[in-house]
Amino acid sequence: MSATSERRERERAHRHQMIITAAREIAETQGWEAVTTRRLADRVEYSQPVLYSHFHGKDAIVGAVALDGFAELAGQLRRARESAPGPATALRAVCRAYLRFATERPALYQAMFVLPTDLAFASAETPAPMQDCFDEFVGCFRADDERRGLCAEVIWSALHGIVVLSDSGRIPPAVQDERVDLLISLFAGTP
């Protein structure tokens, strides 16, 4: 690859990341409904056709933001799991880190789990950052536990339910620790 080609590729990657960052910033301050190609084009100072050369519509932009979020979440879950001694403590730390992430980054969480994208879990095409998040939950269970993937999936599903129901005001967020404690008591001793 020539030096010119390498430079163009770096510039393209930089523009790509600028668009993702701008979409995330707009969503975090004004909500996802405010994220439009016109606004993004103005924000990054490129034309709408340049945006479309990177992303085919808003769903693709949301998907790219979501992947950034999964990479960030995976790092936080890993640090939480590694800082806790023992499986039950690790699971509690991972659950709390997950809930904290969802609370602190609601627009990012929406992109990751609520808004339409073509991202899917539990498939051969699952992107690495998403799999890394799941693996942090799996890592909270003994390696010889043949149901550890299933347990991780159910816990993650329960946490997602807690986030969505709390966010919508359908359940009080004040008793979140009690919910996590119940999940830990149900799953930490899983054979």
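**Entry 1: α5 and α8**

I opened the model on one helix pair and saw that α5 passes α8 in a right-handed crossing. This is a predicted model, and I read everything below with that in mind. Helix α5 covers residues 87-104 and helix α8 covers residues 148-167. Their axes come within 10 Å and cross at roughly 35°.

Which residues make the contact? From α5 I noted L91, C95, Y98, L99 and A102. Facing them from α8 are I155, W156, L159, H160, I162 and V163. I sorted this contact by class and got ten nonpolar residues, one polar residue and no charged ones.

**Entry 2: α1 and α2**

Next I went to the N-terminal end of the list of helices. Helix α1 takes in residues 3-30, and helix α2 takes in residues 37-44. At what angle do their axes cross? I have it as roughly 115°, with the axes coming within 10 Å. Here, too, I wrote down a right-handed crossing, with α1 passing α2.

On the α1 side the contact uses M18, I19, A22, A23, E25, I26 and Q30. On the α2 side it uses R39, L40, R43 and V44. By class I count seven nonpolar residues, one polar and three charged in this contact.

While I was on α1, I also looked at R15. Its charged end sits over the ring of Y46, 5.6 Å from the ring centre.

**Entry 3: aromatic rings**

How many aromatic pairs are there? The count comes to twelve. I picked out F113 and F121: their ring centres are 6.4 Å apart and their planes lie at 5°, so I list the pair as stacked, the cut-off being under 30 degrees.

Is F121 buried, partly exposed or exposed? F121 has 33% relative accessibility, so I put it down as partly exposed.

I then followed the ring pairs outward. They link F70, Y98, Y109, F113, F121, F134, F137 and W156 into a cluster. Two names on that list were already in my notes: Y98 of α5 and W156 of α8 both take part in the contact between those helices.

**Entry 4: two residues with positive phi**

I checked the backbone for positive phi outside glycine and made a note of E45, with a phi of about 60°. Where does E45 sit? I found it in the loop between α2 and α3, the latter being residues 48-54. E45 has 72% relative accessibility, so it goes down as exposed, which takes over 50%.

A122 went on the same page, since it is not a glycine either and has a positive phi of about 55°. Its place is the loop between α6 (106-113) and α7 (128-138). At 73% relative accessibility, A122 is exposed as well.

**Entry 5: the chain overall**

I finished by stepping back to the whole chain. I tallied nine helices and zero strands. Read from the N terminus, the elements run α-α-α-α-α-α-α-α-α. The C-alpha trace spans about 55 × 45 × 25 Å along its principal axes.

What share of the 191 residues is buried? I have 40%. I also looked at how far apart in sequence the contacting residues are. Among contacts with a separation of 6 or more, 63% come from residues 24 or more positions apart.

Technical notes. Residues are numbered from 1 along each chain as its sequence is written. This is a predicted model: local features need pLDDT of at least 70, side-chain atom pairs count only at pLDDT 80 or more; totals for chains, interfaces and linings use all residues. Side-chain values use heavy atoms; hydrogens and water are left out. Axes are lines fitted to C-alpha atoms, for helices over the stretch in contact, and angles run from 0 to 180 degrees between N-to-C directions. Helices (H or I, at least four residues) and strands (E, at least two) are DSSP runs, numbered from the N terminus. A crossing is left-handed if the near helix is turned anticlockwise from the far one by less than a right angle, and right-handed if clockwise. Contact means heavy atoms within 4.5 Å. Ala, Val, Leu, Ile, Met, Phe, Trp, Tyr, Cys and Pro count as nonpolar, Asp, Glu, Lys and Arg as charged, and the others, Gly among them, as polar. Rings of Phe, Tyr and Trp (its six-membered ring) pair if their centres lie within 6.5 Å; planes under 30 degrees apart count as stacked, over 60 as edge-to-face and the rest as tilted. Buried means under 20% relative accessible area, exposed over 50%, partly exposed in between (1.4 Å probe, protein chains only). A charge sits over a ring if NZ of Lys or CZ of Arg is within 6 Å of the ring centre and within 35 degrees of the ring normal.
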